[in-house]
Amino acid sequence: DKNGVVSANFIPGDKAVEQYLKNNIGYLQQNFDSQDIPYNSLSYSEQKNQHQEQKNKKNNNKEND
């Protein structure tokens with residue numbers, strides 16, 4: 001932000017990265033704390049199944065037609 005405080009929401013590209021973030025987000029927060037790096041939040045979004053999203057979009061488009 002404008003005060004130099006970090007807020008990050010990581011968006012994993014696959015399940016392996018999501019699992020890594022899940023296992024290590026606390027470690028990242030500890031590193032920020034130990035180095036006195038101010039942060040508001042450090043988080044990650046769950047990866048969504050892209051195939052399912054595309055299928056839902058197609059179904060929505062069919063319903064709208």
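## A walk along the chain

Start with the whole protein chain: of its 65 residues, 12% count as buried, where buried means under 20% relative accessible area, exposed means over 50%, and partly exposed lies in between (1.4 Å probe, protein chains only). This is a predicted model, in which local features need pLDDT of at least 70 and side-chain atom pairs count only at pLDDT 80 or more, while totals for chains, interfaces and linings use all residues. Residues are numbered from 1 along each chain as its sequence is written, and side-chain values use heavy atoms, with hydrogens and water left out.

Now switch on the cartoon. You will find two helices and two strands, running β-α-β-α from the N terminus. Helices (H or I, at least four residues) and strands (E, at least two) are DSSP runs, numbered from the N terminus.

**Stop one: the strands.** Select residues 6-10, strand β1, together with residues 39-44, strand β2. The two strands pair in the parallel sense over five bridges; pairing requires that DSSP finds at least two bridges between them. To see individual partners, pick Ser7, whose bridge partner in β2 is Ser41, and then Phe10, which is matched with Tyr44 in β2. Between β1 and β2 the chain passes through helix α1 (residues 15-34), and this β-α-β crossover is right-handed. To check the hand, point the strands away from you: the path from the first strand over the helix to the second should run clockwise.

**Stop two: helix α1.** Select residues 15-34. How far apart are the end C-alpha atoms of α1? They are 29 Å apart, which agrees with the 28 Å that its 20 residues should span at 1.5 Å a residue; the expected span is 1.5 Å times one less than the number of residues. Next, centre on Asn24, where α1 bends by about 50 degrees, taken as the angle between axes fitted to the seven residues ending there and the seven starting there. Then colour the buried residues of α1, which are Glu18, Leu21, Ile25 and Phe32.

**Stop three: a charged pair.** Show the side chains of Lys15 and Glu18, which meet in a salt bridge (3.5 Å, N to O). The term covers a side-chain nitrogen of Lys or Arg within 4 Å of a carboxyl oxygen of Asp or Glu, and a search of the whole structure finds one. Both residues lie in α1, three residues apart, about one turn of the helix. Is each partner buried or exposed? Glu18 counts as buried because its relative accessibility is 11%, whereas Lys15, at 53%, counts as exposed.

**Stop four: the rings.** The structure holds one aromatic pair. Select Phe32 and Tyr39: their ring centres are 5.6 Å apart and their planes stand at 85 degrees, so the pair is edge-to-face. Rings of Phe, Tyr and Trp (its six-membered ring) pair if their centres lie within 6.5 Å, with planes under 30 degrees apart counted as stacked, over 60 as edge-to-face and the rest as tilted. Phe32 is buried, with a relative accessible area of 16%, while Tyr39 is partly exposed at 23%.

**Last stop: the loop.** Finish at Asp36, in the loop between α1 and β2. Its phi is near 55 degrees, a positive value in a residue other than glycine. Most residues other than glycine have a negative phi. At 67% relative accessibility, Asp36 counts as exposed.
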